[in-house]
Amino acid sequence: HKFDTTLYKGSVTVKTGFFIDGQWADPVDGAGDKVEVVDPTYGKVITTIIGGGPRDVDLAVQAARKAFKTSWGLKVPGSQRGRILDKFADLLESHSEELAALLSLDVGKPFSSTRQFEVSTAVKIVRYYAGWADKIHGKTIETNERKLAYTRHEPFGVVGAIIPWNSPLISAVGKLAPAIATGNTVILKPSELTPLTTLFIADLFNEAGFPPGVLNLVNGYGHTVGSALSLHPNVDKISFTGSTLTGRNILKAAAESNLKSVTLELGGKSPTIVFNDAVLDQAIKWAAHGIFYNMGQACIAGSRIYVQEDVYDKFLDGFTTFTKELTSAIGHPFEASTRHGPQVSKAQFDRVMGYIASGKSEGAQVHIGGESFGEEGYFIKPTIFVDVKPYMKIMREEIFGPVCSIVQFKTEDEVIEWANDTTYGLAANILTENSARAIRMAHALEAGIIYINSAMAGDINVPFGGYKQSGMGREMGEEALDTYTQIKAVHVNL
Ligand code: NAD
């Protein structure tokens, strides 16, 4: 299958190197790692960027520390931090088209979605935290008439922000905006697979007015840059989004170095539960959006779909029709009709195909899909498995691809038990018209995020994060302000 390479007419330039102390910098140790950036649509290298090492990280940490002490942190009023963040949001907005194009090129996301949703969400996040920057208040506590105590929410200092590849722009600003609004300085480490959008935004940091050292960018691999940040004794906090395995390694590194604070947004195996009283057309759309959005590469993907037995056949019919339509909309990310692009990388493609093979070999039936698409690039057809058993790998492990399993259930109690039978606890989707049941389910499910009659529908005002092995701490909403601050209690004798 050949795609038209001339679909994106614009041109976007990104600088390579590291952005440290307000300037572009080269690696201090020789040439640095060569990191190939691959266009997943064709599987071809589009550019090579430089990856750093521990000494580059150290320089970034020194710059961030100096900025925290001299030109940011508690030295700058919140209103000023908010104004700079607002300017940064305006700049992102004015470069929406280039950012959307980079996201589609780098990640393979359909351009229609990066343009309409991803960039505007990133802009909203930055504006939202710009608004909070001068509203970070403690409280007064009167213990008795001769004593007064009050609290201050102070920034940690230097924050290392380590992000994955599936939504690189939203992940980057989802960390840097609340960290910066609360007065921290930041070293951003994007995924080695998708560095282009963060390289582009780093070039806007000075124009927005951030003093040198407030926001720094060091690209590179996890085992070099990521690990150096997590082990660094002068980094006060790591905010991480990625796999549960890496999250564990980061916690270990934090424990072995300086007991830095760690926030983790990790993987998931979220259930979608369709009751017999759900509005079926709507339920089918939500369930499909819940698993197939971003080619299944979403931490909150609803990959286990439980359907009550009396509507199972009807649901499966409708879901299959939807999936067929989506399959016919596989295409080049820049084609207007495309709704399903490639997986991000060869490794990810192989991993997802490996899960499909394991489902088949463990005895599950491929109902539709179950194979790759085209001769080049990393496309996988949206895939539905039926006849699955709870012990199968495809029901237990995070696949992070367009693959779901559909299971029949009889009773509410049974489905609660099955849905909670996982080491993860990120999200759960409940589809029913019975509001009492919806609320009972919401309370019984072990997950940090519950969607009733929707799915994959986060809101920046609302805290986001997981139970169990899906994470520690929360991002988004007012709660992210707590994530990036520590409380000081001041006792006053009167
Ligand atoms: P990953 O854990 O492989 O990598 C994430 C980041 O960590 C990358 O920047 C990588 O370079 C870095 N890294 C790797 N090893 C490291 C180490 N030893 N020390 C420090 N940093 C290291 O994850 P991924 O494949 O990029 O992303 C997919 C995973 O992310 C999935 O499990 C998905 O569920 C999860 N995710 C979670 C959320 C959420 O909010 N909960 C959102 C998006 C993705």
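E265 sits in a buried position of this predicted model, with 28 other C-beta atoms within 10 Å; buried here means 20 or more other C-beta atoms within 10 Å of a residue's own, exposed means 12 or fewer, and partly exposed is what falls in between, with C-beta atoms placed from the backbone. Since the model is predicted, local features need pLDDT of at least 70 and side-chain atom pairs count only at pLDDT 80 or more, while totals for chains, interfaces and linings use all residues. Residues are numbered from 1 along each chain as its sequence is written.

E265 belongs to strand β11 (residues 261-265). Strands (E, at least two residues) and helices (H or I, at least four) are DSSP runs, numbered from the N terminus. Setting aside neighbours within four places in sequence, E265 is in contact with F240, T241, C299, G465, G471 and E475, a contact being two C-beta atoms, placed from the backbone, within 7 Å.

One of those partners, C299, shares an annotation with E265: the unreviewed UniProt entry puts the feature "active site" at E265 and C299. They span 35 residues in sequence, yet no two of their C-alpha atoms are more than 8.7 Å apart, so they gather at one spot. UniProt positions follow the numbering used here, feature names are shortened, and annotations may be inferred rather than shown by experiment. C299 lies in the loop between α10 (280-292) and β13 (302-308) and also counts as buried, with 25 C-beta neighbours inside 10 Å. Beyond four places in sequence, C299 touches E265, G267, G268 and L426.

C299 turns up again around the ligand, where it is listed with G222, G226, G242 and T246 as the closest of 30 surrounding residues; near means a C-beta atom, placed from the backbone, within 6 Å of the molecule. The elements that give two or more residues to this shell are α8 (222-231) and α9 (244-256), and α8 gives the most, with five. By character, the shell divides into 10 nonpolar, 16 polar and four charged residues. For that split, Ala, Val, Leu, Ile, Met, Phe, Trp, Tyr, Cys and Pro count as nonpolar, Asp, Glu, Lys and Arg as charged, and the others, Gly among them, as polar.

Next comes strand β12 (residues 270-274): five of its five residues are buried, so β12 is largely enclosed by the rest of the structure. Neither face is left open, with S270, T272 and V274 buried on one side and P271 and I273 on the other. β12 runs parallel to β13, joined by five bridges, and S270 stands opposite G302 there. Strand β20 (residues 427-431) is also parallel to β12, through three bridges, with N429 as the bridge partner of T272. Pairing requires at least two DSSP bridges between two strands. Together, β12, α10 and β13 make a right-handed β-α-β unit; right-handed means that, with the strands pointing away from the viewer, the path from the first strand over the helix to the second runs clockwise.

A couple of backbone oddities round things off. Most residues other than glycine have a negative phi. D387, in the loop between β17 (383-386) and α13 (393-396), has a positive phi near 55° and is partly exposed, with 14 other C-beta atoms within 10 Å. N453, in the loop between β21 (449-452) and β22 (467-468), has a positive phi of about 55° and counts as partly exposed, with 17 C-beta neighbours inside 10 Å.
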